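Colleague: I would like a close look at one part of this protein. Could you pick a helix and walk me through it slowly?

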Amino acid sequence: MSTQIKKVAVCGAGGTMGAGIALVAARGGYQTLCFDLSADALARQRKAAQKFFDRSVEKGRMTPEARDAAMANLVDTTDLNDLADCDMVIEAIFENLDVKKDLFAKLNGICKDETIFASNTSTLSITQIAGGCGREDRVVGMHFCLPAQVMKLIEMSRGINTSDETFNTAWAWTEAAGQISVETQDKPGFILNALLVPFNNDVIRAIEAGLATPEDIDTAIKSGLGYKMGPCTLLDLIGLDTQVLLGEAFFPITLDPRAAVPPLCRRMVAAGKLGNKSGQGLLTGLTREKATEAPSFSIVSGGNSRSFPDGVDGAVAGGDVTIHLGGGYVADASKTAVLVELDTECLGVHTGEDMGDEGSNAVGFARYRNGDDAPSNLIELVRQPNTTDAAINAARAVFEVAGFDTVVCKDLAGRIVDRLVRPKYNDALRFLDEGLATAADMDKTCCMGLGYPDGPIARVTRGGLARHYDVSKAIQDMTGLAGFNPARRAVVAKARQGAS
Ligand SMILES: NC(=O)c1ccc[n+]([C@@H]2O[C@H](COP(=O)([O-])OP(=O)(O)OC[C@H]3O[C@@H](n4cnc5c(N)ncnc54)[C@H](O)[C@@H]3O)[C@@H](O)[C@H]2O)c1
């Protein structure tokens, strides 16, 4: 049964996502019926629509005629029967399986036979939402990103019973409406949230473990990986209450411990610290100025340096700070700080560990590198529990005056960036094996949906899968955490490296 899409309905058009989806449809030239239980919500969104299109005209993205045509395409209703002659219904109502199933079952009795039902669910199964609705072959997953009217990406998925005809027609509609789609399986979180939800939980767990401040975690991820937005800023934007709901939806299905809600997330919600919506979340608001004066330093070379393969400028004989490049460490209490370059090992390997209160003027450091890529501008500084503040401040100053970004973290496996990003690479590589999506679609999703400069597959491949194995394995050995188990493709790359 083929469907020519001319008239679209959006259910939940009074809500955040539904309102944005309605703008996409109306702007794309489709008659758009905006349905919601709340007439007030629809009225509010109508004003917001006018404002959005007016701004689009001001910015030169739209002609005044196109704006007027788009506004004329929007029609509000609170009567479900009005949807009878729509060619496609996109639902963006509450994220609840029974509520969504009930809507599709009702619509099945109202809409014409060929109408396609699309769901914007983030976490539920398209097959389950379609189950028993009476037209399981004409239900499709169509996951827009927030805000839908700005973000072009749509994750398209088929339920087990979705027909090719339905999928292809819905896909063609997304393109005709000016969006860019990727195909993914009907699995919790599709691509974007399947990668993002456990990653964000890891960030919260890292804060809980005192790895670093939220501000330094954001700096590390932005400077080390080039993400546009730090994960703590993103979590505060999403809301920690939403992150709890996402974890609660994912964990029972995936049984991935990383998907389980971190205790700190629940405590923050209980304390009313939800993020931007409540005025405070993970970010503390404490910022620090970059150092403008640096102590003098000398270099001791112990071998090849991953951080500074071309050496370091500005060293003097003696100096207040000693920098050991390429390994090696000799205690020197006469210095303000003794800096020790680290690879995958912890600082304690060099300085020793006792009962958990060790500390001295020794500071570990590594300039972040994505495997064998060129070094980034990020210096991760590593402290033990009682490392002196004077040593940390001197280390920060040496690197900041030379133009680097610095962050300070505890002496934990993987420091900040690798600890957070390596499980994500393992997930992406496993998803590839499991056929969740193609490498290109996974990378496109992360670039378009999350603003990453490149996708996880491109990045981990470029940095070297054998190197990814080494880093993941080292962290796995120290933590025992399953997320660091090197994915199959990394094991293969390591074995081939050994064989060559
Ligand atoms: N917020 C996001 O970042 C995001 C991103 C992608 C997808 N989603 C998904 O989009 C859907 C909506 O999320 P939201 O954040 O826009 O929610 P929201 O609470 O802002 O909006 C939901 C809207 O649905 C309406 N509604 C509820 N039950 C209804 C029914 N039976 N019939 C008609 N209208 C009904 C409500 O009145 C409300 O206006 C969810 O499935 C969610 O998982 C959300």
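Modeller: Here is one helix, followed by the setting around it. Keep in mind that this is a predicted model.

The helix is α13, residues 389–401. It has 13 residues. From its first C-alpha to its last, α13 reaches 18 Å. That is close to the 18 Å expected at 1.5 Å a residue.

Now the buried residues. Which residues of α13 are buried? They are Ala391, Ala394, Ala395, Arg396, Ala397, Val398 and Phe399. Here is a general point to hold against that list. An α-helix has 3.6 residues a turn, so residues three or four places apart point the same way.

What do the buried residues of α13 pack against? Their partners are strands. These are β9 (297–301), β10 (321–325), β11 (337–341), β12 (362–367), β13 (378–383) and β14 (405–410). After the helix comes Gly403. Its phi is positive, near 100°.

Next, the setting. The domain assignment gives domain 1 as 7–184, domain 2 as 192–222 + 229–278, and domain 3 as 297–415. Between domain 1 and domain 3, the C-alpha centres lie 53 Å apart.

Step back to the whole protein. It holds 18 helices and 14 strands. Its C-alpha atoms fill a box of roughly 80 × 50 × 40 Å along the principal axes. Why does its radius of gyration agree with a compact globule? With 500 residues, such a globule would have a value near 23 Å, and the protein has 26 Å, which agrees. Of the 500 residues, 48% count as buried. Take the contacts between residues at least 6 apart in sequence: 68% of them join residues at least 24 apart.

The model also has a ligand. The shell around the ligand has 24 residues, and Gly12, Gly14, Gly15, Met17 and Ser122 come nearest. Three elements give two or more residues to this shell: α1 (16–27), α4 (97–110) and β6 (139–144). The most come from α1, with 3 residues. By type, the shell divides into 12 nonpolar, 10 polar and 2 charged residues.

Last, compare one residue in another helix. Lys494 sits in α18, residues 488–499. Is Lys494 buried or exposed? It counts as buried, because 20 C-beta neighbours lie inside 10 Å. Leaving aside neighbours within four places in sequence, Lys494 is in contact with Ala466 and Tyr469. Ala482 is 12 residues from Lys494 along the chain, and their C-alpha atoms are separated by 19 Å.

Methods
Residues numbered from 1 in each chain as written. Predicted model: local features only at pLDDT ≥ 70, side-chain atom pairs only at ≥ 80, totals over all residues. Near = placed C-beta within 6 Å. Helix = DSSP H or I, 4+ residues; strand = E, 2+ residues; numbered from the N terminus. Nonpolar A, V, L, I, M, F, W, Y, C, P; charged D, E, K, R; others polar. Expected span 1.5 Å × (residues − 1). Buried ≥ 20, exposed ≤ 12 C-beta atoms within 10 Å, placed from the backbone. Contact = placed C-beta atoms within 7 Å. Domains from an automatic or database assignment. Rg over C-alpha atoms; globule rule 2.2 N^0.38 Å.
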